[in-house]
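Reader: I've got the sequence and coordinates open, and I'd like to talk through cavities, rings and odd backbone angles. Can you take my questions one by one?

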Amino acid sequence: MEHHLYDSFPTLMDLLPGPHRKIVENMRQFQNFIRAQFMKQKKELDVTDQRNLIDAFLAKQQEGKPESTEYFHNENLLVLVGNLFAAGMETTSTTLRWGLLMMIKYPEIQKKVHNEIERVIGSAQPQMDHRKQMPYTDAVIHEIQRFGDILPHNLPHAPTKDITFRGYFIPKGTFIFPLIHSILRDKAYFEKPDEFYPEHFLDSKGNFKKNEAFVPFSIGKRSCAGETLAKMELFLFFTTLLQNFTFQPIPGAKLDLTPALGVTNAPKPFEICATSRR
């Protein structure tokens, strides 16, 4: 896919025509939008009445401390706000879209989730404490993340010094793309890697079981900083949606599980019918 090639060979792809140019232009417009927003807030800034993250960041710039110029500069603010959209919102919403698609594709799985929600939560507001009592729903959410494979090639990482790994010499600063896809679809760890199968995360007694190959947030010191928040969002949003609605496909609709082209693996557009369970 074009965006994967661009990530791997940016200099070469800059010389070639193709859809990847649209991605670059969209990113440029996105960054210009963010920059215009925080420049506007900078003119209106009142350090005694900080309205949001951008105000707090801009207030740090004005403290006059060494870190004010070293860390709290405009380019870091641009990347920070951009990450909140791309990493903090887009990935979670895409995972939830996969979840809804899986629920209408497999109504028998949706029914089991409904039953567990009724038994554990009832009509109360879903809380994170409920997750420990809901192994099947937890397994379904994990399988949505595994099957959806949102970021198959992860994000680029780079060594801080020259290293040799398994006989390969990797110079300092070399971009490396860990292929999460190959792990999430590994037959050695998942019984049915190409199918949506919540039992990948359940033991023979129906209890939730961890799987060391489940690494959608990557692993190590440079794993996703928002992993804990993302897990909370996915559980609360998913259970709230399933608590209140039964999801069905539009009559006659063909459900395509092939991901759409993009920076992330998102489901192709689909129509859905939500029926209130109240």
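Reader: What volume does the largest cavity have?
Author: A bit of bookkeeping comes before the number: this is a predicted model, where local features need pLDDT of at least 70 and side-chain atom pairs count only at pLDDT 80 or more, while totals for chains, interfaces and linings use all residues. Residues are numbered from 1 along each chain as its sequence is written, and side-chain values use heavy atoms, with hydrogens and water left out. On a 1 Å grid over the protein atoms alone, a cavity is a set of points where a 1.4 Å probe fits but cannot get out; points are joined across faces, edges and corners, and the volume is the space filled by probe spheres set on them. For the largest cavity that comes to about 70 Å³.

Reader: Which helix gives the largest share of the lining of the largest cavity?
Author: Lining residues have an atom within 4 Å of a point, and here they are R131, D138, I141, H142, Q145, K231, L234 and F235. Helices are DSSP runs of H or I, at least four residues, and strands are runs of E, at least two, numbered from the N terminus. Both α8 (135–148) and α10 (227–244) supply at least two of the lining residues. The largest share, 4 residues, comes from α8.

Reader: How many charged residues are in the lining of the second largest cavity?
Author: This cavity has a volume of about 40 Å³ and is lined by T95, L96, G99, I141, I144, Q145, L234 and F238. Sort them with Ala, Val, Leu, Ile, Met, Phe, Trp, Tyr, Cys and Pro as nonpolar, Asp, Glu, Lys and Arg as charged, and the others, Gly among them, as polar. The lining of the largest cavity has 3 nonpolar, 2 polar and 3 charged residues. For the second largest cavity the split is 5 nonpolar, 3 polar and no charged.

Reader: Which helix gives the most to the lining of the second largest pocket?
Author: A pocket is an open set of points with protein on both sides within 12 Å along at least five of seven lines. The second largest one has a volume of about 340 Å³, and of its 18 lining residues D138, H142, F208, K210 and K231 lie nearest the centre. By class the lining has 9 nonpolar, 3 polar and 6 charged residues. With 3 residues, the helix that gives the most is α8.

Reader: Is F147 buried or exposed?
Author: F147 sits in helix α8. Leaving aside neighbours within four places in sequence, F147 is in contact (heavy atoms within 4.5 Å) with M102, R185, D194, E195, F196 and L257. Its relative accessible area is 9%, and the cut-offs are under 20% for buried, over 50% for exposed and partly exposed in between, with a 1.4 Å probe and protein chains only. So F147 is buried.

Reader: What kind of aromatic pair do W98 and F147 make?
Author: Rings of Phe, Tyr and Trp (its six-membered ring) pair if their centres lie within 6.5 Å; planes under 30 degrees apart count as stacked, over 60 as edge-to-face and the rest as tilted. The whole structure has 9 such pairs. W98 and F147 have ring centres 6.4 Å apart and planes at 85°, so the pair is edge-to-face.

Reader: And which parts does that pair tie together?
Author: The two residues are 49 apart in sequence. W98 is buried, at 2% relative accessible area, and W98, Y106, F147 and F196 form one aromatic cluster. Since W98 lies in one helix and F147 in another, the pair ties together α6 and α8.

Reader: How many disulfides does the structure hold?
Author: A disulfide here is a pair of cysteine sulfur atoms within 2.5 Å. C224 is partly exposed at 34% relative accessibility, and C273 is partly exposed at 31%. The disulfide count is 0.

Reader: Where does D149, with its positive phi, lie?
Author: Most residues other than glycine have a negative phi. The phi of D149 is near 50°, and D149 is buried at 2% relative accessible area. As for its place, that is the loop between α8 and β1 (163–165).
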